[in-house]
Amino acid sequence: MSDHVRTADGRRLRVEISGDPHGHPVFLLHGTPGSRVGPRPRAMFLYQHGACLISYDRPGYGGSDRKAGRRIADVVQDVSVVADALGLDRFAVAGRSGGAPHALACAALLPDRVTRVAALVGLAPRDAEGLDWFAGMAPSNVSEFQTAFTDPERFAARLIPRSAAIRSNPAKLLEELRLELTDDDRMIVSDNAIRSMLLRNYLEALRTSPYGWIDDAFALTRPWGFDPAQIDVPVLLWHGGKDVFSPASHSSWLAARIPRVTAVLEPAAAHFASLRALPTALNWLLSGATRP
């Protein structure tokens, strides 16, 4: 298969496959901002566990064309077209951070194709009843999400030059985040291998435009296009109790509504600890998989 697929509306999606090409298929939906080259388990781990990991750039990121006005629910069209191009009927889905709500959309709207879903350090819907959406969230994220919701033009105008600066020096994003990271997260992102993956990820995410990031923020703060309570496939929710970028209360809200849920809370962990949790989540996904 080419490293690009075409959607029904003519858009290109850039795709990357790693691990065992004949293994159990698992889609990995990247964070915000992010790309198909974002952090994932090592190739040897994937081969040893019989996993074929499929990642792609969401619209507007990296090598994928933009889809203005996209909703979280629209991810199912893109995942479906990639799966069809690969000849896959059934597959699992994992999503981390901004990719987690997109993974839940696949669980809700593709129940005949998705075997299991893992959502790590994700957010709840902005209109989640009974949830103080901003409680426990870092001031920088509060400011960004509030502006995206109330003044989208101002948000885009601010993010365009910021994205250009990060594209010139991807380490700038980690530097911006450092003041709000916990000690544990600082240790994780200081690891040379993880830091290298993150910098490569951010550089590719913003290589062609800032609009993947902009459209993600809009989608995350607007109606998702599905109700998490309608999910009927097994779901793993993983969260760190000290996460200030997507507070653990969001996963607690989701866990109270998704019927077939396994919720894991690591009290001492924070946002980037999800990178360490990803192999365990992948094992959980594979335990419910069937061969393509």
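This passage describes the two largest pockets of a predicted model and the residues that line them.

Because the model is predicted, local features need pLDDT of at least 70 and side-chain atom pairs count only at pLDDT 80 or more, whereas totals for chains, interfaces and linings use all residues. Residues are numbered from 1 along each chain as its sequence is written, and side-chain values use heavy atoms, with hydrogens and water left out.

The largest pocket (on a 1 Å grid over the protein atoms alone, an open set of points where a 1.4 Å probe fits, with protein on both sides within 12 Å along at least five of seven lines) holds about 440 Å³ of space, a volume being the space filled by probe spheres set on the points, which are joined across faces, edges and corners. Of its 28 lining residues, those closest to the centre are Thr-32, Pro-33, Ser-97, Asn-141 and Phe-245, where a lining residue has an atom within 4 Å of a point. Two or more lining residues come from each of α4 (139-150), α5 (152-168), α6 (171-178), α8 (192-205) and α9 (211-220), helices being DSSP runs of H or I with at least four residues, numbered from the N terminus. The largest share, four residues, belongs to α4.

The second largest pocket contains about 260 Å³ of space, and its lining includes Pro-39, Arg-40, Phe-45, Met-197 and Leu-278. Both α8 and α11 (274-287) supply at least two residues of this lining, and α11 gives the most, with four.
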